[in-house]
Amino acid sequence: MSDPTATQDLIKGADEPAASPVAVRNGQRGLWSDTWDILKRRKIFWISLVMLIVFLLMAAFPSLFTHKDPEYATLAKSMELPSADAWFGYDLQGRDVYARAVYGARTSIIVGVLATLATVILGGLTGVLAAYFGRWLDAVISRVGEMFLGLPYVLGAIIILGTVAPAQSNPGKATIMAVVIIVLALLGWPILMRIARSAVIQAKHQDYVQAARALGAGPLRIIFKHLLPNSLAPILVYSTITIGSYIGAEATLSLLGIGLRSPVISWGIAIADHASYIRTAPHAMFFPAGFLSLCVLTFVMLGEAVRDALDPKLR
Amino acid sequence: MTEVLSEQMGSGSHAGALLEVDNLHVEFRTRAGVAKAVNGVTYSVDAGETLAVLGESGSGKSVTAQTIMGILDMPPGKIAGGEIRFRGVDLLKLPEDQRRKIRGEGISMVFQDALSALNPVFPVGWQIAEMFRMHRGTSRGEAKKKAIELMDRVRIPAAKERVNDFPHQFSGGMRQRIMIAMAIALDPEILIADEPTTALDVTVQAQIMGLLAELQRDSNMGLILITHDLGVVADVADKIAVMYGGRIVENAPVYDLYKNPAHPYSKGLLESIPRVDHKGHELYAIKGLPPNLLEMPTGCAFHPRCPYRRDNCVTDAPPLYTISGTRGSACHYWREVIDDGEH
Amino acid sequence: MGRYAIRRLLQLVPVVLGTTFIINYMVWQLPGDPFAGRCGQRPCPDAYVTAMREQFGLDQPLLVQYGNFLKNLVTGNLGVDFNSVSVASLLGDAWPITIRLALMAVIFEAVIGIGAGVLSGLKRGGFIDNVVTISTLFLLSLPIFVTGYLLQWLLGVQLGIITPTVTDEATVPELIVPALVLASLNMAFTARLTRTSIVENLRSDYVRTAVAKGLSNRRVVAIHLLRNSLIPVLTFLGTEVGSLMSGAIITEGIFNIHGIGGLLWRAILDQDYTVVVPVATLLVLVYLLANLLVDLLYGVLDPRIRYE
């Protein structure tokens with residue numbers, strides 16, 4: 001703190017001369033083209049985009065990444081360490097860890113994306129309705145949201161899933177995925193509701209919305225034409241990051257034995273299956289955990305890049 | 001003043017005025033290019049004197065003031081040249097710790113928006129008392145007593161009861177008084193007021209200007225009054241420096257400028273003040289926009305908006321022509337401008 | 001202030017009722033047999049199920065059940081688990097350990113998170129800022145159990161610095177690594193929030209005023225800047241104390257800590273709902289009360305907030 005530049009950092013500068021010429025020039029262009037201009041200059045955006053494409057390809061065409069069958073088990077090779085033959089080694093059942101990690105991408109990403117989609121629809125809809133109609137509807141929706149927020153995430157998921165699909169039960173593949181998706185959305189919607197609600201409340205008082213209403217535009221038209229586009233930017237940022245955290249949450253639930261379970265192939269299940277063998281076969285757990293973390297990182301980075309571009313004042 | 005400072009700047013031992021800004025250049029580096037905010041500004045203030053610096057936003061008047069205070073944001077700001085002499089010593093060459101001691105003690109500043117300039121989470125009395133505690137090592141109790149005295153001096157009613165109130169609990173005018181109390185706490189020799197009344201109601205504006213003028217008279221401070229409003233300065237200023245595009249385009253004793261401006265820009269400013277005797281006439285407005293600091297016009301920066309423009313205005317930047325000992329104008333055709341005024 | 005506190009407390013009542021109702025409803029009423037697995041792999045005999053339903057009052061109407069639950073909660077009767085051990089005594093054993101763990105985690109969050117955030121915010125774009133930005137990005141992307149297993153394996157199994165699991169006493173030194181794991185996510189959030197807040201406040205007018213007053217750099221930062229910047233950070237930390245407790249479920253499971261989270265973890269795996277419901281209720285109450293306290297604290301920290 002002894003160098004003089006630190007003081008200068010502390011001081012708000014003369015703003016107008018530096019800012020105004022630039023602002024004037026950009027003033028005419030839209031939010032999205034501005035955002036794109038900033039985005040395309042950011043390294044973090046390109047890195048996360050490449051990673052995203054890799055993961056999406058992995059989810060869509062796992063055979064591009066491995067020729068091995070993720071189900072093929074050679075018990076003799078159980079928990080064999082990584083070798084030239086199998087880069088990531090073999091798991092408890094003697095299956096190829098790498099192949100299973102590759103095939104696990106699909107489940108995790110489907111759950112993450114669909115749960116986010118459900119959250120956005122549920123939260124966005126309730127948020128817009130609460131903000132637009134206000135009064136008692138707003139009060140009811142806000143209170144119900146508070147009740148769900150009052151349920152800490154892990155706890156809420158444990159309670160619901162622990163009952164609907166207890167650890168020892170064995171529901172079908174599609175059923176359990178659907179249940180996990182619904183649970184994630186059910187616990188996550190209030191945050192999105194709040195984001196949408198405050199964005200719409202802000203927009204609602206803008207002159208142009210008032211004008212549209214005065215000109216006789218109906219509520220549906222106002223909501224879809226004028227209000228929803230306004231809440232799009234914050235919702236987009238939040239949901240990108242949410243995909244990442246839902247993928248992590250899905251794995252956490254699988255770890256607890258109440259999320260996805262065999263025969264579904266997912267990172268969370270691979271981690272859960274080998275958590276007790278961490279001393280003898282750490283590879284069987286840490287490689288899927290690595291895939292999982294990288295995938296979450298991809299969505300978090302992407303979301304942050306977009307947010308920074310939409311709100312550049314904080315950089 | 002601390003000993004170090006009084007040694008270095010024995011008062012009265014230098015020839016010039018108390019504070020002299022000499023050919024100051026300040027730039028801002030932005031992504032879009034270098035913005036030249038201040039281009040060779042020169043002005044001076046002596047004890048007991050009031051200088052009004054007049055200009056639109058972006059004219060460089062505030063940047064100059066911030067450079068004097070040493071609170072310019074660097075980067076993006078950069079001092080590209082010039083000197084700022086306080087009692088003959090160039091502030092820009094002083095090390096930071098000595099510079100810091102001059103802030104508040106020697107030169108102090110009142111900002112435009114007192115609500116954001118005062119710290120929202122500390123009581124106003126505490127914020128005034130901090131000056132005494134940090135600069136003079138005064139005890140808490142003693143400093144608080146002095147803070148109340150100061151609040152009395154700037155005429156805050158019931159100062160004793162309000163000393164523990166927070167900034168948001170005061171009205172705009174009262175807040176600005178607290179800002180002023182804080183600035184004059186240590187009897188500075190120079191007070192810079194940066195648009196001190198812009199955020200206030202018209203009636204309150206006059207009170208604040210009156211207070212500033214009174215305080216200045218009482219303690220013989222040099223006052224630099226930065227404003228974009230010619231109407232505000234007429235009663236209090238001794239001299240005026242009009243800035244445009246980061247330069248001084250005219251400086252003059254206040255009476256001379258009001259009577260007969262010597263630069264087309266000052267003339268335009270004067271004519272755009274609504275006046276009772278001009279009732280029925282259309283209100284005058286200077287045409288065009290302030291210059292883009294990233295792409296300054298060639299020659300005279302004012303030429304795109306100037307009714308006196310000739311060809312050489314586009315190519316040759318006018319120097320500050322001397323009109324008389326105390327007057328100057330940066331216009332090739334200042335004679336014409338003055339002549340137009342005398343009819 | 002006092003009236004505001006009472007009003008907020010009253011507003012809390014419907015939320016508490018609603019949340020506890022949701023818990024009760026979900027555990028007991030959703031499709032799925034709450035007593036499945038009580039009798040090994042085979043379904044339970046009907047007689048057993050009927051007896052159990054009667055014992056836990058499931059044969060009564062929903063609202064009556066809920067009323068009984070509330071009555072028991074208020075009178076402090078938390079019931080017994082399926083093995084007839086008093087839930088209150090289970091909680092009494094587990095509670096102090098979780099409190100210790102959560103407190104340590106909060107301290108780590110505050111000290112490391114705020115420290116890193118302040119350093120990186122003051123020197124935006126500098127080396128420390130880049131290190132903090134990148135490392136918080138990774139922390140935010142690592143699910144807590146990955147961090148937990150990784151540290152357990154690295155420090156416990158490979159390097160032998162810690163014992164991989166915590167003993168029944170759960171002493172403070174033993175809890176250091178689990179607390180760091182529990183804190184990791186919020187630590188990263190705290191660091192980022194602090195940085196954002198510092199950066200925003202650095203540009204504020206009052207900081208410029210403080211410099212113009214001739215205050216030393218240290219005083220400008222430590223008194224004027226920090227006091228304002230930390231208001232949202234402390235609020236965040238307070239709000240998260242409650243969710244930290246339930247976040248302890250994973251951490252306590254990994255390190256085999258016998259706290260509330262561990263209790264809940266085992267109860268869920270054993271499908272012992274008579275333990276799940278009171279423990280979950282307790283965690284929710286702590287969470288909501290922590291939020292209320294933070295709300296009130298906010299007014300103390302920021303004089304601009306007025307309570308009507």
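Me: What makes you say that H7(C) is largely enclosed by the rest of the structure?

Reply: The model is predicted, and the case rests on a burial count. A residue is called buried when 20 or more other C-beta atoms lie within 10 Å of its own. In H7(C), 24 of the 31 residues are buried, so the helix is largely enclosed by what surrounds it.

Me: How do you know that H7(C), residues 172–202, falls short of a straight helix?

Reply: Compare two spans. A straight helix with 31 residues would reach 45 Å at 1.5 Å a residue, but the end C-alpha atoms of H7(C) are only 38 Å apart.

Me: Where does H7(C) bend, and by how much?

Reply: At Ser184(C), by about 50 degrees. That position lies on a stretch, residues 175–194, that UniProt's unreviewed entry lists among the transmembrane regions of chain C. The stretch is 100% helix and 0% strand, with its end C-alpha atoms 26 Å apart.

Me: What about H4(C): why does its span count as agreeing with the expected one?

Reply: H4(C) covers residues 87–122, and its 36 residues should span 52 Å at 1.5 Å a residue; the end C-alpha atoms are 50 Å apart, so the two values agree. H4(C) still has a bend, of about 35 degrees at Ala94(C), and Pro96(C) follows within four residues.

Me: Why is Val279(C) called buried?

Reply: The cut-off is 20 or more other C-beta atoms within 10 Å. Val279(C) has 25 of them, so it counts as buried. Val279(C) sits in helix H11 of chain C, residues 273–301.

Me: Which residues does Val279(C) touch, leaving out those up to four places away in sequence?

Reply: Leu91(C), Ile260(C), Leu263(C), Leu264(C) and Ala267(C). Leu155(C) makes a useful reference point: Val279(C) and Leu155(C) are 124 residues apart in sequence and 32 Å apart in space, C-alpha to C-alpha.

Me: What does the record say around Val279(C), and what is the fold there?

Reply: The unreviewed UniProt entry includes residues 275–301 of chain C among its transmembrane regions. In the model, those residues are 100% helix and 0% strand, and the end C-alpha atoms are 39 Å apart.

Me: What makes domain 1 and domain 2 of chain C touching neighbours, and which helix gives the most to the domain 1 side?

Reply: The domain assignment puts domain 1 at 2–75 and domain 2 at 89–301. Their contact takes 15 residues from domain 1 and 13 residues from domain 2, where a contact means C-beta atoms within 7 Å. Helix H1(C), residues 2–29, gives the most to the domain 1 side, with eleven residues. By class, that side has ten nonpolar, four polar and one charged residues.

Me: How do you know that chain A and chain C are in contact?

Reply: By the 7 Å C-beta cut-off, 45 residues of chain A are in contact with 53 residues of chain C. Among the elements giving two or more residues to the chain A side are H6(A) at 135–149, H10(A) at 219–255 and H12(A) at 282–310. H12(A) gives the most, with nine residues.

Me: What is the make-up of the side of chain A that touches chain C?

Reply: 30 nonpolar, ten polar and five charged residues.

Me: Where does UniProt put transmembrane regions in chain A?

Reply: Its unreviewed entry lists several, including 109–134 and 174–192. Residues 109–134 are 96% helix and 0% strand, while residues 174–192 are 100% helix and 0% strand. Their end C-alpha atoms are 36 Å apart in 109–134 and 26 Å apart in 174–192.

Key:
Residues numbered from 1 in each chain as written. Chains lettered and ligands numbered in written order. Predicted model: local features only at pLDDT ≥ 70, side-chain atom pairs only at ≥ 80, totals over all residues. UniProt positions renumbered as here; feature names shortened; annotations may be inferred. Domains from an automatic or database assignment. Contact = placed C-beta atoms within 7 Å. Nonpolar A, V, L, I, M, F, W, Y, C, P; charged D, E, K, R; others polar. Expected span 1.5 Å × (residues − 1). Bend = angle between axes of the 7 residues up to and from the residue. Buried ≥ 20, exposed ≤ 12 C-beta atoms within 10 Å, placed from the backbone.
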